[in-house]
Amino acid sequence: MMKGFFLGDISSENVLVDPETNLVSFVDLEQSVFLEDHSKIAFFARTEGFFDENTPFLAPIAQDNQQLAYLLISFFCRGNMFLLIDHSGAMTINFFKQYASTHNLPKVFVDVIMDLLEDPNQRLDNLVEVLDKMDCENLYNSEDLVSLDDFQYELVKSVYLAMIDGIQLMIRKLFSLRKIRI
């Protein structure tokens, strides 16, 4: 990415790759701006599943870097779907780590993604250098992964909480129609 250019909506829907030349192009650039003097960006619509709840509070380039990390996750698995129910990104990260360990992904890919998520303010040059020297023989393996039972429990809990929220909303609408306060 060009220095001082903010994309604002990095997602798999906005990336085109020419299979003949491996040239990567970004599309859907109507939200993109050139940054001058580290200007603040007001509001940008983003593609669901490619940002977390902290994204809007980051500096513009850090927002792009963080969304790039979620884009990279989407190349390997569908873990970003969990961002739709857990806006913190924790479930997505846990799922991705589990996936990486189970499917023997090279550790370098997991490390680059985790580095971007942990410090989205860093320069991409450093991560590109890591990828240039990558060792695909060293596979990702983690002992501190969330068990699948715990993961499934968190998903079920989220679904039940969403159902409760829906019930509360229906009750409020019902009582508001009758002019009764809860």
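Is lysine 107 buried, exposed or partly exposed? The exercises below treat this residue and its surroundings.

The model is predicted: local features need pLDDT of at least 70, side-chain atom pairs count only at pLDDT 80 or more, and totals for chains, interfaces and linings use all residues. Residues are numbered from 1 along each chain as its sequence is written, and side-chain values use heavy atoms, with hydrogens and water left out.

**Exercise 1. Classify lysine 107 and place it in the fold.**

Step 1. Buried means under 20% relative accessible area, exposed over 50%, and partly exposed in between (1.4 Å probe, protein chains only).
Step 2. Lysine 107 has a relative accessible area of 30% and is therefore partly exposed.
Step 3. Lysine 107 belongs to helix α3; helices (H or I, at least four residues) and strands (E, at least two) are DSSP runs, numbered from the N terminus.
Step 4. Asparagine 141 is 34 residues away along the chain, yet its C-alpha atom is separated from that of lysine 107 by 7.7 Å.

**Exercise 2. Describe the overall architecture of the protein chain.**

Step 1. The chain holds five helices and four strands, in the order β-β-β-β-α-α-α-α-α.
Step 2. Of its 182 residues, 34% count as buried.
Step 3. Among contacts (heavy atoms within 4.5 Å) between residues at least 6 apart in sequence, 57% join residues at least 24 apart.

**Exercise 3. Determine how α3 is oriented relative to α4 and which residues meet.**

Step 1. Two packed helices are described by the angle between their axes and the distance between the axes.
Step 2. Axes are lines fitted to C-alpha atoms, for helices over the stretch in contact, and angles run from 0 to 180 degrees between N-to-C directions.
Step 3. The axes of α3 (residues 107-118) and α4 (residues 124-132) come within 10 Å and cross at roughly 175°.
Step 4. α3 is therefore roughly antiparallel to α4, given that angles under 35 degrees count as roughly parallel, over 145 as roughly antiparallel, 65 to 115 as roughly perpendicular and the rest as oblique.
Step 5. From α3, Val108, Phe109, Val112, Asp115 and Leu116 meet Leu124, Leu127, Val130 and Leu131 of α4.
Step 6. By class, this contact has eight nonpolar, no polar and one charged residues; Ala, Val, Leu, Ile, Met, Phe, Trp, Tyr, Cys and Pro count as nonpolar, Asp, Glu, Lys and Arg as charged, and the others, Gly among them, as polar.

**Exercise 4. Identify the centre of the largest nonpolar core and its contributors.**

Step 1. A nonpolar core is a set of buried Ala, Val, Leu, Ile, Met, Phe, Trp, Tyr and Cys residues joined through side-chain atoms within 4.5 Å.
Step 2. The largest has 22 residues, of which Tyr70, Leu71, Ile73, Phe96, Ile113 and Leu117 touch the most other members.
Step 3. Two or more residues come from each of α1 (60-76), α2 (90-102) and α3, and α3 gives the most, with seven.
Step 4. Beyond its neighbours within four places in sequence, phenylalanine 96 contacts Ile73, Phe76, Cys77, Leu105, Val110 and Ile113.

**Exercise 5. Compare the settings of threonine 55 and asparagine 22.**

Step 1. Threonine 55 lies in the loop between β4 (33-34) and α1, and is buried, with a relative accessible area of 0%.
Step 2. Leaving aside neighbours within four places in sequence, threonine 55 contacts Arg46, Gln63, Gln66 and Gln67.
Step 3. Asparagine 22 sits in the loop between β2 (15-18) and β3 (23-26) and counts as exposed at 58% relative accessibility.
Step 4. Most residues other than glycine have a negative phi. Asparagine 22, although not a glycine, has a positive phi of about 60°.
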